[in-house]
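Visitor: Please take one part of this structure and look at it closely. I would like to know where that part sits and what lies around it.

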Amino acid sequence: MPSVTRPAKLRAGTTPDRPDPRRYARHLLLPELGMPGQERLGQSRVIVVGAGGLAAPVLSYLAAAGVGRVTVVDDDAVDLSNLQRQVIHRTEDVGVSKVESAIRAVHDLNPDVEIVGVPERLTADNALTLFADHDVVVDATDNFATRYLVGDACVLLGLPLVWGSIHRFDGQVTVWSYDEGPCYRCVFPEAPPAGAVPSCAEAGVLGALPGVIGAMQATEAVKVLLGIGEPLAGRLMLYNALHATWSSVPVQRDPECAVCGAHPTITTLTDTVASCAPPVPDAADDVREVDALALADQVAGDHPPVVVDVRSEAERDIVRLPIGIHVPIETLRDGTGLGRLDAIDADTVFYCKGGTRSAEAVRLVRDATGVEARSLAGGILAWIDEVDPTLARY
Ligand SMILES: [Zn+2]
């Protein structure tokens with residue numbers, strides 16, 4: 001498979017077996033590490049899935065710590081909206097593959113580290129091959145489909161999984177599949193159905209939050225590699241940035257777990273539907289859709305349709321169509337917003353960012369009123385692409 005490798009560049013003072021004592025002096029002073037521990041880090045191999053917000057501190061601290069080989073897997077390119085939190089990438093990296101940018105960042109920080117970049121999406125076909133030959137897996141992804149794939153692959157290979165997740169102001173971190181502790185599926189048996197969770201791009205996240213959680217992941221990865229202290233296994237740590245609170249929930253192995261239990265039903269990997277992936281055009285096959293150019297024509301015509309924005313106020317502050325009314329999707333879910341839709345008919349068009357929430361709005365209104373309205377295919381992003389590229393994307 002295509003991958004990009006930048007091998008470690010050994011400098012004066014460093015040999016493959018003896019890390020440079022000047023670079024790692026503050027590690028060498030720790031009795032729990034010392035030169036034996038530092039050498040062990042230098043012989044360790046970690047694979048990081050994702051090269052985004054969580055991966056930024058993970059890759060930085062693993063590189064700085066002198067982990068011998070770091071593999072990073074991501075098929076995405078750096079977008080301007082990533083830079084608010086994905087701090088290994090720079091403004092000049094926009095448009096560059098994240099893997100390429102991550103390789104540059106790691107190499108700049110510590111040329112002792114061999115960094116292997118895999119510019120591919122993790123799939124059921126490549127996960128086991130990629131993970132094999134590593135000591136620890138770090139999940140730094142942002143979607144449920146990949147999390148289940150990573151979690152199952154770690155059980156099948158017997159690898160510890162250092163896991164983190166972030167949402168708005170909340171973070172979670174733990175180590176799965178370590179020692180006798182639970183695996184990811186023991187605690188979260190099933191992925192939520194596609195569309196049940198707001199897409200990551202729609203939910204928002206505080207920029208420093210992945211810094212907090214990712215730094216915890218790097219810490220746990222180093223502890224697991226060295227076998228020191230008490231790894232964060234069997235406990236799920238929860239952090240709320242708004243209230244500045246940490247809490248810890250005990251998590252246990254499920255003897256009937258589908259993948260690590262006594263009678264596993266999952267013995268090979270399968271790809272599940274991405275429930276947090278960017279909206280796809282065919283996400284609304286039971287809903288009538290209108291494309292952006294057709295809507296623009298209708299809006300300019302003699303009988304413009306009612307256009308309803310179901311996004312949040314914050315999203316409207318970034319960009320909105322110059323027409324229509326605002327009825328947030330939450331008020332359609334709880335029914336309080338239905339009263340504002342007395343003028344709707346079959347021509348009415350709901351829109352959101354990418355087309356998922358607007359399709360839900362059409363269904364909710366159909367169920368409540370019997371009116372079969374329409375959804376703007378691809379959301380306001382499609383409108384920006386096809387009708388008015390001067391509007392702000394987010
Ligand atoms: Zn399990």
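**A helix and its surroundings**

Guide: For 394 residues, a compact globule would have a radius of gyration near 21 Å, and the chain, with 24 Å, agrees with that; the radius is taken over C-alpha atoms, and the globule rule is 2.2 Å times the number of residues to the power 0.38. The model is a predicted one, in which local features need pLDDT of at least 70, side-chain atom pairs count only at pLDDT 80 or more, and totals for chains, interfaces and linings use all residues. Residue numbers start from 1 along each chain, as its sequence is written.

The chain averages a pLDDT of 90, and 90% of the residues score at least 70; pLDDT is the predictor's confidence in each residue, from 0 to 100. Over residues 274-282 the pLDDT is below 50, although this stretch has 29 contacts in the model beyond near neighbours in sequence. A contact is a pair of residues whose C-beta atoms, placed from the backbone, lie within 7 Å. Where pLDDT is low, the predicted coordinates should not be read in detail.

The C-alpha trace spans about 80 × 50 × 45 Å along its principal axes. The chain has 14 helices and 14 strands, which are DSSP runs numbered from the N terminus (helices H or I, at least four residues; strands E, at least two). The domain assignment gives domain 1 (4-250) and domain 2 (281-386), with bounds that come from an automatic or database assignment. The C-alpha centres of domain 1 and domain 2 are 39 Å apart.

The part chosen here is helix α3, residues 55-64. Is α3 enclosed by the rest of the structure, or open? Eight of its ten residues are buried, so α3 is largely enclosed by the rest of the structure. A residue is buried if 20 or more other C-beta atoms lie within 10 Å of its own, exposed if 12 or fewer, and partly exposed in between, with C-beta atoms placed from the backbone. The buried residues of α3 are Ala55, Ala56, Pro57, Val58, Leu59, Ser60, Leu62 and Ala63. For comparison, 44% of the 394 residues of the chain count as buried. After α3 comes Gly66, with a positive phi near 80°.

What do the buried residues of α3 pack against? Their partners are β2 (45-49), β3 (69-73), α4 (98-109), β5 (136-139) and α9 (209-226).

Of these partners, β5 is covered on both faces. Val136 and Val138 lie on one side of β5, Val137 and Asp139 lie on the other, and all four are buried. In a regular strand the side chains alternate between the two faces of the sheet. β5 pairs with β2 in the parallel sense over four bridges, where two strands pair if DSSP finds at least two bridges between them. Val46 has Val136 in β5 as its bridge partner. β5 also pairs with strand β6 (residues 161-167), again in the parallel sense, over three bridges. There the bridge partner of Val137 is Leu161 in β6.

The loop between α5 (127-131) and β5 holds Asp133. This residue has a positive phi of about 75° although it is not a glycine. Asp133 has 11 C-beta neighbours inside 10 Å, so it counts as exposed.

Another partner of α3, helix α9, contains Leu226. With 19 C-beta neighbours inside 10 Å, Leu226 counts as partly exposed. Leu33, Gly37 and Arg40 are touched by Leu226, not counting residues up to four places away in sequence. Leu226 and Glu39 are 187 residues apart in sequence, but their C-alpha atoms are 10.0 Å apart in space. For the chain as a whole, among contacts between residues at least 6 apart in sequence, 69% join residues at least 24 apart.

Strand β9 (residues 245-250) gives a contrast with α3. It is hardly covered: none of its six residues is buried. β9 pairs with strand β8 (residues 235-240) in the antiparallel sense over six bridges, and Leu236 stands opposite Val249 in β9. Their hairpin has four residues between the strands, and there Ala244 takes a positive phi near 50°. Ala244 is exposed, with 7 other C-beta atoms within 10 Å.

Definitions and conventions
Two residues are in contact if their C-beta atoms, placed from the backbone, lie within 7 Å.
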